[in-house]
Amino acid sequence: VMAEKGGFRHFMLKEIFEQPRAIADTIAGQVFEEEGAVFLDELKMTDDELAQVSRVVIVACGTSWHAGLVGKFLLEDLCRLPVEVEIASEYRYRNPVVGEESLVLAISQSGETADTLAALREAKLRGARTATICNVVGSSIAREAHGVIYTHAGPEIGVASTKAFVTQLAALHLLAIRLGRTVGTISREKGRELIGSLVKLPGLVEETLRIAPVVEAVARGCHHARDFLYLGRGSCYPVALEGALKLKEISYIHAEGYPAGEMKHGPIALIDEQMPVVVLAPRNAHYEKTISNMEEVIARGGRVIAVATEGDDTLVAKAEIMLEIPEAPPELLPILATVPLQLLAYHVAVLRGNDVDQPRNLAKSVTVE
Ligand code: G6P
């Protein structure tokens, strides 16, 4: 069994460490860096068809929905198209406004989640063009969508999704570049720059993983907490949601992800000396605002665990604990910031003696409503 886990104690840990390889495999063969171009042939859409898309609707559940939320930032920013991100179980029972002007994108690791499949079918019935970002070849969703972007994470055994999530984000980057190049919002030059960064991502994730022993030590200091709060702004807000979900899933500690600027409208009332608050504060456009939210937490006695860019002296002086991620282009920061949060959830759960790979009450793929 240890051999199956490649020498790691749990599949989840093995899968966290497989992330550089998984991302590299997802990008491999899809990019032509000199031309700033992305292929995605299995999307089965011509440039004309792509140019006709005037709106994107993403449907997904769980961790895949969080990937969709990050995708909204990428697609809106790089393609200037409106993007809605929908929880599949809600979408399927609405009377959604959708038709042939829309590209409906189902994101699913397994390709078998019942709600996501039903949402996709609903959109298809109403005339939408459909596509999926999926990890399982030949799965129901991959078969029913018009086009596919496969993530090449390989089989994910741990119930808490890790490598599938980061490959979904890599796939969303590919889609945004292809779409942006086609509709003209991304120049050849900009395309080259974006692809140039994307191909460096596996190495950056590798570097980020070096923080693992530090995260384990941090987990020792907070695994008895009863509640955690995760705060982020912009594309780090979905990362806060994902960090909180990982912790809930395997440690059974109550955790909440919140947009940092919204904290003052409620969650701030919860903060006291018992409450670890994970603040996502890498150097990006939201940095200053996030820091001021972090200071509000500190002023109320909250214990801040900051995820920040390496060498950030301002933060070292302020936060109780700092988890460093490498410097990187802003669009890659959500991926890098996710890694320490996966490790934190993992180590907290192990310290609490939980079954990390098979958490209670959860299933790897939910094929019933
Ligand atoms: C279950 C799993 C989650 C996953 C979600 C959606 O709840 O435990 O890890 O994110 O289903 O699964 P999918 O296969 O559609 O991405």
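**Legends to close-up views of a predicted model**

**View 1. Residues around the ligand in the predicted model.** The ligand is surrounded by 15 residues, of which Gly 62, Thr 63, Ser 108, Ser 110 and Thr 113 come nearest. Sorted by class, this shell holds 10 polar residues, four nonpolar residues and one charged residue. Helix 4, which covers residues 62-79, supplies three residues of the shell, the largest share.

**View 2. An open sheet of five strands.** The strands pair in parallel and follow the order 4-3-5-6-7. Strand 4 (83-87) and strand 7 (147-150) are the edge strands, and each of them pairs on one side only. From one strand to the next, the twist averages 20°.

**View 3. The pairing of strand 3 with strand 5.** Strand 3 (residues 55-60) and strand 5 (residues 102-108) are joined in the parallel sense over six bridges. Val 57 has Val 104, in strand 5, as its bridge partner.

**View 4. Helix 6 across the strands.** Helix 6 is made of residues 114-125 and lies across strand 3, strand 5 and strand 6 (129-134). The helix runs at about 165° to strand 5.

**View 5. The protein as the setting for the close-ups.** The protein contains 14 helices and 12 strands. Its radius of gyration is 20 Å, close to the 21 Å that the globule rule gives for 369 residues, so the protein is as compact as a globular protein of that length. The C-alpha trace spans about 55 × 45 × 45 Å along its principal axes. Of the 369 residues, 56% count as buried. Among contacts between residues at least 6 apart in sequence, 74% join residues at least 24 apart.

Key. Residues are numbered from 1 along each chain as its sequence is written. This is a predicted model: local features need pLDDT of at least 70, side-chain atom pairs count only at pLDDT 80 or more; totals for chains, interfaces and linings use all residues. A residue is near a molecule or strand if its C-beta atom, placed from the backbone, lies within 6 Å of it. Helices (H or I, at least four residues) and strands (E, at least two) are DSSP runs, numbered from the N terminus. Ala, Val, Leu, Ile, Met, Phe, Trp, Tyr, Cys and Pro count as nonpolar, Asp, Glu, Lys and Arg as charged, and the others, Gly among them, as polar. Two strands pair if DSSP finds at least two bridges between them. Axes are lines fitted to C-alpha atoms, for helices over the stretch in contact, and angles run from 0 to 180 degrees between N-to-C directions. Two residues are in contact if their C-beta atoms, placed from the backbone, lie within 7 Å. The radius of gyration is taken over C-alpha atoms; the globule rule is 2.2 Å times the number of residues to the power 0.38. A residue is buried if 20 or more other C-beta atoms lie within 10 Å of its own, exposed if 12 or fewer, and partly exposed in between; C-beta atoms are placed from the backbone.
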